[in-house]
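User: Please take a close look at a single part of this model, the sheet and whatever packs on it. I should like one connected account with the criteria stated.

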Amino acid sequence: MHPTLLWLALILYALGILLTLPSVIRRRAALSPTSLAALGLGLVSHAAALAAAGAQIHRLPVTDVRSALSFFAFLATVAFFFVYLRYRITALGVFMLPLVFVLTLISAVRPVRPFADPAFRGGWLLVHIASIFLGYTALLLTFVAAVMYLIQERELKSKKPRAFYYRLPSLEVCDELHYRSLMLGLPCLSLGILTGFVWASRAWQGPWELDPKILASLVTWLIYLVLFSTRLSGTWRGRRAAYVAVVGFAAMMVTFLGASFLSGQHGYFPEFGKLP
Amino acid sequence: MGLRKAKPGLAVPRVLHKTMNLVLAGINHRTAPVEVRERMHIHETHLSSAVSALIQRAGILEGLILSTCNRFEAVVSAPEHIEAEPVVRQFLADFHHCDLSAYDQYFYWHRQEEAVRHLFRVAASLDSMILGEPQILGQVKQAYAVARQAGALHGPLDEVVNQALAVARKVRRETALGTAAVSVSYAAVELAKKIFGSLHGKTIFVIGAGKMSELAAKHLLQSGASAIFVSNRTYERAQELAQAFHGTAIRFEQLFDYLAKADIVISSTGAPHFVVRKEQAERMLAARRNRPIFFVDIAVPRDIDPAVNELDNTFVYDIDDLGQVVEANKKQRAREAVWAEEIVQEEVQKTMRRLAARDVAPTIVALEERLNRIRQSELERHRARLGNLTSEQREAVEALLRGIVNKILHGPITELKSGAGRPEHGALVQLIRRMFGVGD
């Protein structure tokens with residue numbers, strides 16, 4: 001990962017975030033062009049940093065924690081732009097961008113640990129990684145939509161409009177965002193897990209099925225499956241669905257980060273955690 | 001001194017007046033009670049002739065009259081040395097056939113920059129009874145159109161009023177001044193939008209056909225709601241209202257057969273008990289697969305059991321709740337008004353600078369003309385005493401005279417050009433003109 005480019009991206013993100021604050025505080029209908037420009041430039045710089053890292057190891061730069069966090073933050077920023085340009089939710093930045101900033105920051109300060117195990121090659125692996133990350137990004141949006149929904153719903157139920165009431169989108173928009181991102185996220189996650197299984201069955205020996213990360217990802221997948229089916233049938237709408245989305249996101253974070261520390265083969269720290 | 005009088009109906013060219021002298025006289029809902037406002041009101045059918053009469057007064061170049069139920073404003077522009085105030089007072093006294101001294105206590109008078117600021121604030125609805133109300137802009141536009149047609153706007157006042165309209169639009173764009181609802185029925189619409197996003201395709205159900213529910217339904221339909229059902233104890237009344245809104249009337253006995261279709265329920269029956277109870281709301285939700293329902297309960301005593309609000313995906317607002325929303329929104333508007341005032345202040349400065357700059361070029365030209373005339377006439381006067389001069393000597397004399405004139409002019413011209421941004425510039429321009437005897 002090219003350190004200068006990543007730090008540049010970080011500074012531009014910070015600048016962009018600060019510039020969005022006046023628009024949110026003053027209840028403007030749109031974010032200022034300067035803030036969007038700063039964030040856009042940050043995104044470009046980030047992309048360059050990732051491209052440089054990818055070129056260095058000749059594969060998608062997701063093979064260590066630092067790169068994975070950075071890649072996720074990058075995808076999250078892309079998702080932010082997509083959603084903002086479609087729905088014009090001014091407060092969206094407040095919910096998504098600080099997370100992006102923190103992830104990029106962690107990524108920038110972690111030491112570089114290239115992980116070029118020759119075992120980590122192959123077409124299935126690429127599809128696996130790409131679809132998992134896409135799924136994570138989409139489900140991040142589901143989480144953000146759920147949080148916005150919960151806050152707005154509470155304000156509407158309490159019947160006392162407070163700060164958020166004026167700045168959050170309608171329940172319907174939150175719901176639509178929740179639903180659409182789930183429609184993208186769950187299939188991607190499913191594809192990712194499936195291709196992961198295919199690849200692992202060829203590349204690994206032993207009871208890799210019991211690896212903590214893989215178990216955690218299955219739990220996450222199940223939670224989102226439940227969310228999806230209750231959504232379709234209408235049994236859980238609105239607030240309950242939002243709670244489940246929050247739980248699902250927590251499971252996702254555990255899978256992404258936590259299990260990495262515990263996992264043997266699938267982790268980023270193969271020296272910790274041994275398979276039974 | 002020739003005074004220009006614009007005649008109505010004639011296309012008057014855009015004249016660059018040399019300096020601006022604006023006077024505004026007005027009353028509003030804060031300074032005058034309704035009887036006084038009534039007295040001063042000029043109906044729109046008489047507005048054109050009123051403006052024409054105003055600008056025909058000696059000393060008045062341009063004029064505009066704004067007359068609404070909450071305010072009356074008359075603003076004129078005049079040449080710099082004219083005292084426009086008495087002329088305007090006399091016009092008002094004559095037009096309304098009254099003794100204006102009886103009304104002096106109600107009038108406010110603004111001049112120059114204050115007049116500009118007042119106009120900007122009025123157009124931006126910062127002076128209105130309800131901050132951010134949308135009607136005033138249309139009213140100002142109307143007054144502008146009438147004055148323009150009467151040939152009463154062709155100089156600085158025209159520019160100022162145009163700017164006022166532009167500032168009003170800017171305030172509307174850059175602040176949320178006019179957005180949050182400050183009436184109960186609009187608050188209901190706003191809440192519905194917060195729940196449902198767009199109201200297109202949404203169904204309204206009116207239980208109890210009364211004035212308030214009619215108003216709320218009307219606003220909701222205007223905001224995009226598509227279908228409406230009406231139910232009332234007396235079926236005929238329900239039919240009346242349903243017909244007015246191109247909706248469907250439902251017999252009261254069959255209420256719950258159709259109520260589940262509603263996304264928004266407006267209830268205002270006179271019933272002493274609850275019309276919709278928690279169990280009934282639960283059944284509605286089940287029938288709708290938990291799609292949200294918004295209950296607007298404007299009845300006293302209440303029609304919707306407050307326990308319904310405990311259910312997921314229902315939102316029950318009674319008349320007090322709506323009132324609370326309106327109060328919160330009013331506070332919000334007051335906060336937005338602070339930003340709006342800043343915008344107005346900025347725009348006033350810009351406009352004053354722009355108008356001042358227009359004064360400078362003609363003044364410089366007039367100055368040069370005057371001094372050059374003096375130079376030439378003095379030379380002519382003393383030609384006899386100079387006797388016969390060689391061409392060289394004549395040139396020398398003329399160069400001498402030109403040199404003096406230029407050096408004298410240098411000071412004032414530099415001041416005129418450099419001072420254009422400063423607030424005292426207008427006074428400076430007038431002073432220089434007076435000092436050098438440069439009139440209109």
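Analyst: The account below concerns the sheet of chain B and the helices on it. This is a predicted model, in which local features need pLDDT of at least 70, side-chain atom pairs count only at pLDDT 80 or more, and totals for chains, interfaces and linings use all residues. Residues are numbered from 1 along each chain as its sequence is written, while chains are lettered from A and ligands numbered from 1 in the order in which they are written.

In chain B, four strands form an open sheet in the order 2-3-1-4, with antiparallel pairing. Strands (E, at least two residues) and helices (H or I, at least four residues) are DSSP runs numbered from the N terminus, and two strands pair if DSSP finds at least two bridges between them. Strand 2 (62-67) and strand 4 (108-111) of chain B each have a single partner strand, so these edge strands are left with one side lacking a neighbour in the sheet. On average, and with direction ignored, neighbouring strands are turned by 10° against each other; axes are lines fitted to C-alpha atoms, for helices over the stretch in contact, and angles run from 0 to 180 degrees between N-to-C directions.

Four bridges join strand 1 (residues 22-28) of chain B to strand 4 of chain B in the antiparallel sense. Ala25(B) has Trp109(B) in strand 4 of chain B as its bridge partner.

Two helices of chain B may be described next. Helix 2 (residues 44-56) of chain B packs on the sheet, touching strand 2 and strand 3 (71-77) of chain B; contact requires C-beta atoms, placed from the backbone, within 7 Å. The direction of helix 2 of chain B makes about 145° with that of strand 2 of chain B. Helix 4 (residues 112-123) of chain B also packs on the sheet, where strand 1, strand 3 and strand 4 of chain B are touched, and its direction makes about 45° with that of strand 1 of chain B.
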